[in-house]
Amino acid sequence: MRDRLAISTGAACSSGVETPSHVLQGLGLSSQVIDGALRMGIGKFTTESDIDRTAEILGSEVRAIRALMEA
């Protein structure tokens, strides 16, 4: 999925670092929730079409993961 979307599991200021997000930790979230979190940003050049495509990609990936979990 990362080849089609710019996503991260960490904080923006920790780009390239494989540590849990200090922001999510500061919110008191469990490590299980933090480990499953994705960070996505929307900028001034993001279009509605970009958002629609992102939703399609994420939906497709969720369906694929669910199918693997059921197997």
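Partly exposed, as I use the term today, means a relative accessible area between the 20% under which a residue is buried and the 50% over which a residue is exposed. Gln25 has a relative accessible area of 44%, so Gln25 is partly exposed. That term will come back for several residues. One caution before going on: this is a predicted model.

Let me start with confidence. The mean pLDDT of the protein is 85, and 85% of the residues score at least 70. Compared by element, the mean is lowest in α1, at 89, and highest in α3, at 95.

Now the overall layout. The protein has three helices and zero strands. Read from the N terminus, the order of elements is α-α-α. There are 71 residues, and 17% of them are buried. The exposed area of the protein is about 5700 Å², with 56% of that supplied by carbon and sulfur atoms. As for contacts, take those between residues at least 6 apart in sequence: 55% of them join residues at least 24 apart.

I will go through the start of α1 next, beginning just ahead of the helix. Pro20 belongs to the segment before α1. With 43% relative accessibility, Pro20 falls between the two cut-offs and therefore counts as partly exposed. Once neighbours within four places in sequence are set aside, Pro20 is in contact with Gln25 and Ile34. There is also a distance to quote here: Pro20 and Ala37 are 17 residues apart in sequence, and their C-alpha atoms are 9.5 Å apart in space.

Ser21 is also found in the segment before α1. Is Ser21 buried or exposed? Its relative accessible area is 6%, so Ser21 is buried. The side chain of Ser21 has two polar contacts to mention. One goes to the backbone nitrogen of Val23, at 3.3 Å. Another goes to the backbone nitrogen of Leu24, at 3.2 Å.

That brings us into the helix. Val23 lies in α1, which covers residues 22-26. Val23 has a relative accessible area of 46% and is therefore partly exposed. Val23 also takes part in a nonpolar surface patch of about 360 Å², together with Leu27, Leu29 and Val33.

Back to Gln25, where I began. Gln25 is placed in helix α1 as well. Which residues does Gln25 touch, leaving aside its neighbours within four places in sequence? The contacts are Pro20 and Ile34. Recall that Pro20, for its part, is in contact with Gln25 and Ile34. Taken together, Pro20 and Gln25 contact each other, and each of them contacts Ile34.

Moving on to α3. Ile51 sits in this helix. The relative accessibility of Ile51 is 41%, so Ile51 counts as partly exposed. Apart from neighbours within four places in sequence, Ile51 is in contact with Ile42 and Thr46.

Next, charges. How many salt bridges does a search of the whole structure find? The search finds one. That salt bridge joins the side chains of Arg53 and Glu56, with a distance of 3.2 Å from N to O. Both residues lie in helix α3, which covers residues 48-70. Arg53 and Glu56 are three residues apart, about one turn of the helix. As for accessibility, Arg53 is at 43% and so counts as partly exposed. Glu56 is partly exposed too, because its relative accessible area is 48%.

To recap, in order along the chain. Ahead of α1, Ser21 is buried, and its side chain reaches the backbone nitrogens of Val23 and Leu24. In α1, Val23 contributes to the nonpolar patch, and Gln25 contacts Pro20 and Ile34. In α3, Arg53 and Glu56 form the salt bridge. That is what I have on this model.

Conventions
Residues are numbered from 1 along each chain as its sequence is written. This is a predicted model: local features need pLDDT of at least 70, side-chain atom pairs count only at pLDDT 80 or more; totals for chains, interfaces and linings use all residues. Side-chain values use heavy atoms; hydrogens and water are left out. Patches are made of residues with over 30% relative accessible area and no salt bridge: like charges are joined within 9 Å, nonpolar side chains (Val, Leu, Ile, Met, Phe, Trp, Tyr) within 5 Å. Accessible areas come from the Shrake-Rupley method with a 1.4 Å probe; for residues, only the protein chains shown count as cover. A salt bridge is a side-chain nitrogen of Lys or Arg within 4 Å of a carboxyl oxygen of Asp or Glu. Helices (H or I, at least four residues) and strands (E, at least two) are DSSP runs, numbered from the N terminus. Buried means under 20% relative accessible area, exposed over 50%, partly exposed in between (1.4 Å probe, protein chains only). Contact means heavy atoms within 4.5 Å. A polar contact is a pair of N or O atoms within 3.5 Å; within protein, one must be able to donate a hydrogen and the other to accept it, and residues adjacent in sequence count only if both atoms are side-chain atoms. pLDDT is the predictor's confidence in each residue, from 0 to 100.
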